[in-house]
Amino acid sequence: MPLEICIDSPASARAAHLGGADRVELCDNLPDGGTTPSLGMIEAVRAAFPGRLMVIIRPRGGDFLFDADETDAMLRDIRHARAAGADGVVIGCLCADGTIDRDACARLLEAAGPLDVTFHRAFDMSRDLPEALEAVAALGIRRILTSGGAPDVPAGLATIARLVQQAGDRLSIMPGGGVTPANLGDIVRATGVRDIHLSARSARPSPMRHRNETCFMGDYTRGREYEIKTADPAKVRAARAALDAALR
C-alpha cells in the first residue's frame, strides 16, 4: 500500500525518501492548499527523490472554478511537468454549480497522456461527494485525495469509508488532511483505503542571525517569518511503521 508524502522542497523530498515514502506530491504554497510548483523545483525534486513524483497542477489558491486563461496555464504546466520527469499530476476543476467540470478535466487528462493522475481536494468542495465520485470515475482518473468533505480526515472518516465502498475497484480513495503517524493506522483499519497521504512535517528555526521582527512577507508568515517547515524523516518512518502494522 503506497505511502504518499506531501512536500514543497528538495529537502522534504530527501526526508521522504529516507523515511520510506513510496510517492510524493510536490506543491508550492502549502498554506493555501497547494499550487503548481516552478519547473526548477520540479526538476530539483526529481533529482532528489527516486520514487514516484506527483505534481499538483493548480494555478492559484481559492476556489476551483478556473477560467480559460487559467486552464491554458494548467495545460502548459502539465506539459512542463511531463518533460521534467514527473510520474503523475494532481488535478481538479469544478463548475460554478459545484459539479465536476468534466470538459476541463478531460482536456487536462489529454495533456497528461500516460501520466498517473490524482483528483485533488477540489473533490471535497463539490456539491455532492457520491455524485462527484461517479464523475471522476467516468473520466478514468485512478485516485481521489479527500478528507471526506470535512475539515480533516478524522472528522470525515465515516464518509471516507462509504466512498471506499462506492468506488470499489474502479479507483482508490486516498485520505489526506489531518493524517498523522499516530492516527494513520486507525484510519486505514476503519476505512479499507488503499492509499494514504500526509505531510509528516516538523518546524525548524531559520539559521538567519539578523532578524527584522517587525516585518513579515505575508499573512501566513506573521509571527513565523523565521520558521521553516519540512518533512521529518522520523515522522515519515513512524508513518511507514504504522502503515505496515495496520496492514499486518
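The lining of the second largest pocket in this predicted model divides by class into six charged, four nonpolar and two polar residues. The space in this pocket comes to about 390 Å³. Its charged residues include Asp8, Asp28, Arg201 and Arg224, and also among the lining are Asn29, Leu30, Pro31, Tyr220 and Thr221. Which element gives the largest share of this lining? Strand E10, residues 227-231, does so, with three residues. Glu227, Ile228 and Lys229 are named in the lining as well.

I turn now to the largest pocket. Its volume is about 780 Å³. There are 33 lining residues, and those closest to the centre of the pocket are Leu30, Gly33, Arg121, Gly177 and His197. By class, this lining comprises 15 nonpolar residues, together with nine charged and nine polar ones. Leu30 deserves a second mention: beside its place close to the centre of the largest pocket, Leu30 also lines the second largest pocket. As background, rolling a probe the size of a water molecule over the atoms shows where empty space is left.

Next, the strands. Strand E4, residues 88-91, pairs with E5 in the parallel sense, and four bridges join them. Which residue of E5 is the bridge partner of Val89? That partner is Val117. In general, the side chains of a regular strand alternate between the two faces of the sheet. Strand E5, residues 116-119, is covered on both faces. Asp116 and Thr118 lie on one side, Val117 and Phe119 lie on the other, and all four are buried. Val117 thus appears twice in this account, as the bridge partner of Val89 and as a buried residue of E5.

The aromatic rings can be treated briefly. How many aromatic pairs does a search of the whole structure find? The search finds one. The pair consists of Phe64 and Phe66, whose ring centres are 6.5 Å apart; their planes stand at 85°, so the arrangement is edge-to-face. Phe64 and Phe66 are both buried.

I close with the cysteines. The number of disulfides in the structure is zero. For Cys27, the nearest cysteine sulfur belongs to Cys6, at 4.0 Å, whereas a disulfide requires the two sulfur atoms to lie within 2.5 Å. Are Cys27 and Cys215 buried or exposed? Cys27 has a relative accessible area of 3%, and is therefore buried. Cys215 has a relative accessible area of 37%, and so counts as partly exposed.

Terms used
Residues are numbered from 1 along each chain as its sequence is written. This is a predicted model: local features need pLDDT of at least 70, side-chain atom pairs count only at pLDDT 80 or more; totals for chains, interfaces and linings use all residues. Side-chain values use heavy atoms; hydrogens and water are left out. Buried means under 20% relative accessible area, exposed over 50%, partly exposed in between (1.4 Å probe, protein chains only). On a 1 Å grid over the protein atoms alone, a cavity is a set of points where a 1.4 Å probe fits but cannot get out, and a pocket is an open set with protein on both sides within 12 Å along at least five of seven lines; lining residues have an atom within 4 Å of a point. Grid points are joined across faces, edges and corners, and a volume is the space filled by probe spheres set on the points. Ala, Val, Leu, Ile, Met, Phe, Trp, Tyr, Cys and Pro count as nonpolar, Asp, Glu, Lys and Arg as charged, and the others, Gly among them, as polar. Helices (H or I, at least four residues) and strands (E, at least two) are DSSP runs, numbered from the N terminus. Rings of Phe, Tyr and Trp (its six-membered ring) pair if their centres lie within 6.5 Å; planes under 30 degrees apart count as stacked, over 60 as edge-to-face and the rest as tilted. Two strands pair if DSSP finds at least two bridges between them.
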